[in-house]
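Thanks for coming. I will go through one structure today, element by element. Please have the viewer open.

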Amino acid sequence: MRDYILLYVNGREHKLRGAQAFAPISDFLRLDLALCGTKVVCAEGDCGACSVMLGRPQSATADRLTYVPVNSCIQFAYQLDRAHIVTVEGLKLGAALNPLQQSMVDCNGAQCGYCTPGFVVALCGAANQLCGKQKEVNKAGKACLSEKQVKDALTGNLCRCTGYEGIIKAGMDFDLSAFKSFAELYDEKPILESLRQHAKEPVTIEWEGRSVFLPADLESAVQFLGDKAGAQKKVTIVSGGTDVSVVINKRGVTPAVTMSLCNMAGLDDLSEKEVDGRRILTVGARVTLAQLEHYFKDRVPQFHYVLWVYGSPQIRQAGTLAGNIGNGSPIADSLPFLFAMGADVEVTGPDGPRRIPIQSFYKGYKTLAMEPAEMISRVFIPLPKSDEILRLYKISKRQHLDISSFTAAIVVRVKHDKIAYARVVLGGVGPVVLRLTEVEEFLQGKVNKLETFKGAGRMARKIIEPIDDVRGSREYRLQLAENIFQRFFYEMHESKEKALV
Ligand SMILES: Cc1cc2nc3c(=O)[nH]c(=O)nc-3n(C[C@H](O)[C@H](O)[C@H](O)COP(=O)(O)OP(=O)(O)OC[C@H]3O[C@@H](n4cnc5c(N)ncnc54)[C@H](O)[C@@H]3O)c2cc1C
Ligand code: FES
Ligand code: FES
């Protein structure tokens, strides 16, 4: 059993024990390594000032590290075992600025400069992804990042004083062919060898009455959960940490026993198979939201859009579907789709795996139908059929990086101009996500016309019990619930020629 976190920072090895293992990695970078380029502003994943690149091998046999941007303020050291972190200091070419850093200077991309390292890291991450791939060419004939690539990379980074024009220009203006990939900047061979050598070791660290366990597989994770449940000890499971770490930072909660899934092998499956004429997607508990976003791009554009506007790249690269389900928020963005498709959640405990329909998974506000000795291991999602019309709605104050005020999923199958089948799901209108079976029954067999959907909206309004909160009033949510059915009708008819799924 290993008793330290093995971490590489800008190519150098570190072993973290004691307090260091239980702190956000931004603390270690800034306070222990004096790498103060990484800034901490919000400490809750909202501003991107603390962005760093996180490199890991994608599989046990991978011969290179794959780098993704993450928010170091909500990545605790126990989430980063066997990883390579590249900070803004590690992006320089010796004493010289790299081409993107120089472009930020040339395009006046900074004023106070507090946000700048985060922008630089996020843009270098986008540039790194394109190394070795075909690139766009700008008017000056230079290989470059496109405006969309720059904007997509920066949705998780806030600047309060420069204005984005200079920053976006800097991102689009630098010569990508002069950019050195992280694999060129760092000799990955010894890092990979060391990471591989320590791959199958479970890790336990104890410090001042707290402990964290990093299982290497599902079996040892479940055994650990069973032992702790037997001793009446609550275990906080951490997957991407984008919920848990915020609670620790902002509410001062310090879990006594933590289990971090960052080293867990065998739960990264993302595969489809046909069962009774329908494609079923299996999503392992370690699959990130970013992987799902990529996966759904051409398969289910509606869900892809929900994932594209979900948090920011930094959040999606860390956060998981299992974590979104486990958090159990009534405004969790993945849930309307899972409810509409009739997904099953597989939980595994000492007695093995069992499947729980997502509709029965929530007993009340953030109360799950899971035993303390169980954890989510997989999710099975039936995918829409070609004759089903699916629409997903996220209503929030801004498009990206915002929590929903209201969510909805509506699926219908229309035959001979009548509704043969309907599923209706609303989120943000009660303590749990709701499937409105009465409205579904009302719709079934009715003529596919505006009046039918207006009637469904009026009915939905009577069933739900939303509350007033900072994201919207009760009356606003009632109106949204009523109106969403008309919007669905109009969208369905506007896009008749196009498949909507
Ligand atoms: C800046 C920011 C933006 C966000 N934007 C959105 C958004 O747009 N939409 C949205 O829905 N959410 C959003 N979130 C919330 C969060 O990112 C998601 O809920 C995410 O899916 C959580 O996944 P995770 O792996 O990080 O979960 P964690 O934080 O690791 O865990 C979340 C909960 O699930 C439990 N859990 C995790 N894995 C398992 C498992 N395998 N078995 C059992 N329990 C488990 C944990 O114990 C915890 O209770 C945002 C959060 C932040 C900080
Ligand atoms: S400090 Fe704002 S995202 Fe980390
Ligand atoms: S330059 Fe001041 S916050 Fe961006």
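In which helix is L289 found? It is found in helix α10, which covers residues 289–296. Before going further, note that this is a predicted model.

Staying with L289: this residue counts as buried because 25 C-beta neighbours lie inside 10 Å, and the cut-off for buried is 20 or more. Leaving aside neighbours within four places in sequence, L289 is in contact with L307, Y310, R316, G319, T320 and L321. For a distance across the chain, take L289 and D387, which are 98 residues apart in sequence. Their C-alpha atoms are separated by 27 Å.

Next, the ligand. Ligand 1 is surrounded by 31 residues. The closest of them are G240, G311, G323, N324 and G326. Several elements give two or more residues to this shell: β10 at 236–238, α9 at 244–251, α12 at 313–318, α13 at 321–327 and β18 at 375–382. Which element provides the largest share of the shell? That is α13, with five residues. Sorted by class, the shell around ligand 1 has 14 nonpolar, 13 polar and four charged residues.

One of the elements just listed, β18, also belongs to a sheet, so to speak of that sheet is the next step. The sheet is open and has five strands, in the order β12-β13-β18-β14-β15, with antiparallel pairing. At the edges are β12, residues 270–275, and β15, residues 352–357, each of which pairs on one side only. From one strand to the next, the twist averages 25°.

Now the pairings inside that sheet. Strand β13, residues 278–284, is joined to β18 by five bridges, and the two run antiparallel. If you want a pair to click on, L281 has I381 in β18 as its bridge partner. On the other pairing of β18, five bridges connect it with β14, again in the antiparallel sense. There, D344 stands opposite F380 of β18. How much of β18 is buried? The strand is mostly covered, with seven of its eight residues buried.

Moving outward to β15: strand β14, residues 344–349, pairs with β15 over six bridges in the antiparallel sense. V347 stands opposite R354 in β15.

The second sheet on my list is also open, and it has four strands. Their order is β19-β20-β21-β22, and the pairing is antiparallel. The edge strands here are β19 and β22, the latter at 434–435, and each pairs on one side only. Between β19 and strand β20, residues 406–415, there are seven bridges, with the two strands running antiparallel. K394 has T407 as its bridge partner in β20. Helix α17, residues 474–494, packs on this sheet and touches β19, β20 and β21, the last of these at 418–427. The direction of α17 makes about 140° with that of β19.

One residue of β19 to look at is Y393; the strand spans residues 389–395. Is Y393 buried or exposed? Y393 is buried, because 20 other C-beta atoms lie within 10 Å, and 20 or more is what the cut-off asks for. Setting aside neighbours within four places in sequence, Y393 is in contact with T407, A408 and I484. Its C-alpha atom is separated by 9.1 Å from that of D333, although the two residues are 60 places apart along the chain.

Last, the nonpolar core. The largest one has 145 residues, and those with the most contacts inside it are A77, I85 and L123. Which element gives this core its largest share? Helix α3, residues 116–130, does, with eight residues. L123 touches L100, V150, A153 and G171, not counting residues up to four places away in sequence.

G171 leads us to helix α5, residues 164–173, where I167, A170, G171, M172 and D173 are buried. What covers these buried residues? The cover includes α2 at 99–106, α3, β7 at 143–144 and α4 at 147–153.

That is the tour. I can put any of these views back on the screen.

How values were computed: Residues are numbered from 1 along each chain as its sequence is written. Chains are lettered from A and ligands numbered from 1 in the order in which they are written. This is a predicted model: local features need pLDDT of at least 70, side-chain atom pairs count only at pLDDT 80 or more; totals for chains, interfaces and linings use all residues. A nonpolar core is a set of buried Ala, Val, Leu, Ile, Met, Phe, Trp, Tyr and Cys residues joined through C-beta atoms within 7 Å. A residue is buried if 20 or more other C-beta atoms lie within 10 Å of its own, exposed if 12 or fewer, and partly exposed in between; C-beta atoms are placed from the backbone. Two residues are in contact if their C-beta atoms, placed from the backbone, lie within 7 Å. Two strands pair if DSSP finds at least two bridges between them. Axes are lines fitted to C-alpha atoms, for helices over the stretch in contact, and angles run from 0 to 180 degrees between N-to-C directions. A residue is near a molecule or strand if its C-beta atom, placed from the backbone, lies within 6 Å of it. Ala, Val, Leu, Ile, Met, Phe, Trp, Tyr, Cys and Pro count as nonpolar, Asp, Glu, Lys and Arg as charged, and the others, Gly among them, as polar.
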